[in-house]
Amino acid sequence: TLARQGRGLARIDFLIAAAHMVLLGQSSRPPLLAVPPTAAVDLLGGSGRAKIVWSQLRDGRDPFEESSGLGHKARHALELAFSAQPPHSLLTSTVSACGTRKLLLRLRRGDEVEAVIIPQGAFSTLCVSSQVGCRQGCTFCATGTMGLLRSLAADEILAQLHAAAAAVRQHGMPPLRNVVFMGMGEPADNVEEVSRALHAMVHPFGFQLGRSYVCVSTVGPSPGHIRALEPLPARLAWSVHAADDRLRRLLVPTTRHRMSELRDAWGETLQARADRGLMAEVTLIDGVNDGADAAASLHGLLAPLPGKTRVNLIPYNANAGLGAAGRLFRPAQPEAVRAFQRRLLDRGLICTVRTPRGNEESSACGMLRVEHAKGSRASRGDLASSVSDEFKEADTARMQ
């Protein structure tokens, strides 16, 4: 009965995706990535065919190609059910000296997003975007200067993973293991499509990622937004940046709630998830939020949360073209970063500092910006690197 219900829901999702494509003036056949992996089982006439199709997608290949391994009947069913037009095209691929690779993708509507692949030893981490632009307006991030152009559909989020899988294979990079929603946009403002994408990422027929290796990062726009994250099959991270209410509103101008209110919503959400702990992210800016008082306030904010809270400290990346406040920002000095970390460690919080990755190719936190007719873009590659190391530390802890 549950299996029939699941197939029924998958079929509904397929019909919704097809209707969405019609409204966009495109083919009534949606892209493969626009429907849940389970929908392919019925539409292709069996789980064996669906597994072959999704194995091609996981490798960043095109299952419509002759070399895909599908038989004549299976390919005919594929062409009848799905559009062969890819949801994206790769415009550019650039690499930093450290190996971090930045992909610029053009989506079917003509706008563009970037994804960042960060190699780390035996595996790679992918940083994806959930929106074109962002309405949160963080004063230290280039994305905040764009405003929100639109939210991405689930298949447009998954297209970044598909393109990254192709790049990893073509360039001999370590295999993708982690995905972090730390690129352009606020995932909590697009939670339904983010949820759809996440379920395809972790589905055993889909991209087969482990839930503990996928992370969704959010500023936590409101208590309601935070509570809506509870069912997501991923780890959660809170972009805090400042515990003091007044300072938080300076750095994240769209903040409308006290930090204690947001913290309490996180506590409820973590308890409902039986979560092992929250990641808290802080971009440290010289003379703004890197002092002793800021560290003490941060500890006071995070200490009541259940589980083990992990704090990632990311020195601000100098960023041209920001607003009036952003133009005055400078990276926190190394000694200030170390002192901030020591204050948190002394108070019992787990705290790490990560070196930015991809700076020379503008792939690091809030630095990505290219002027096009459709707008500019930004990503948070060094936050992704930071969380990637947290995944690695979690592996070590589990083995001990």
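This dialogue walks through the chain as a whole, then one helix, and then the aromatic side chains of a predicted model.

Trainee: Before I look at single residues, how many helices and strands does the chain have, and what percentage of its residues is buried?

Mentor: In this predicted model the chain has 13 helices and twelve strands, and buried residues account for 56% of its 400 residues. Of the contacts between residues at least 6 apart in sequence, 68% join residues that are at least 24 apart. The accessible surface amounts to about 16000 Å², with 53% of that area belonging to carbon and sulfur atoms.

Trainee: Turning to helix H6, what does it span from its first C-alpha to its last, and which of its residues are buried?

Mentor: The general idea is that an α-helix has 3.6 residues a turn, so residues three or four places apart point the same way. Here H6 runs over residues 191–202, twelve residues in total, and reaches 16 Å between its first and last C-alpha, close to the 16 Å expected at 1.5 Å a residue. Its buried residues are Val194, Ser195, Ala197, Leu198, Ala200, Met201 and Val202.

Trainee: Which elements do the buried residues of H6 pack against?

Mentor: They pack against two helices, H2 (37–44) and H5 (154–171), and against two strands, E7 (176–181) and E8 (214–218).

Trainee: How many aromatic pairs are there, and how should I read one of them?

Mentor: A pair of aromatic rings is described by the distance of the centres and the angle of the planes. The count here comes to three aromatic pairs. One of them joins Trp54 and Phe207 in an edge-to-face arrangement, with 5.3 Å from centre to centre and 90 degrees between the planes. Trp54 belongs to helix H3 (residues 47–58) whereas Phe207 sits in the loop between H6 and E8, so the pair ties together parts that are 153 residues apart in sequence. Trp54 counts as buried because its relative accessibility is 1%, under the 20% cut-off, and Phe207, with a relative accessible area of 8%, is buried as well.

Another pair, Tyr316 with Phe329, is also edge-to-face, at 5.9 Å centre to centre and 85 degrees between the planes. Tyr316 lies in the loop between strand E11 (310–315) and helix H11 (324–327), while Phe329 lies in the loop between H11 and helix H12 (334–346), 13 residues apart. Both Tyr316 and Phe329 are buried.

Trainee: Which residue lies over the face of Phe123, and at what distance from the ring centre?

Mentor: That residue is Arg177, which lies over the face of Phe123 at 3.9 Å from the ring centre.

Conventions: Residues are numbered from 1 along each chain as its sequence is written. This is a predicted model: local features need pLDDT of at least 70, side-chain atom pairs count only at pLDDT 80 or more; totals for chains, interfaces and linings use all residues. Side-chain values use heavy atoms; hydrogens and water are left out. Helices (H or I, at least four residues) and strands (E, at least two) are DSSP runs, numbered from the N terminus. The expected span of a helix is 1.5 Å times one less than its number of residues. Buried means under 20% relative accessible area, exposed over 50%, partly exposed in between (1.4 Å probe, protein chains only). Contact means heavy atoms within 4.5 Å. Accessible areas come from the Shrake-Rupley method with a 1.4 Å probe; for residues, only the protein chains shown count as cover. Rings of Phe, Tyr and Trp (its six-membered ring) pair if their centres lie within 6.5 Å; planes under 30 degrees apart count as stacked, over 60 as edge-to-face and the rest as tilted. A charge sits over a ring if NZ of Lys or CZ of Arg is within 6 Å of the ring centre and within 35 degrees of the ring normal.
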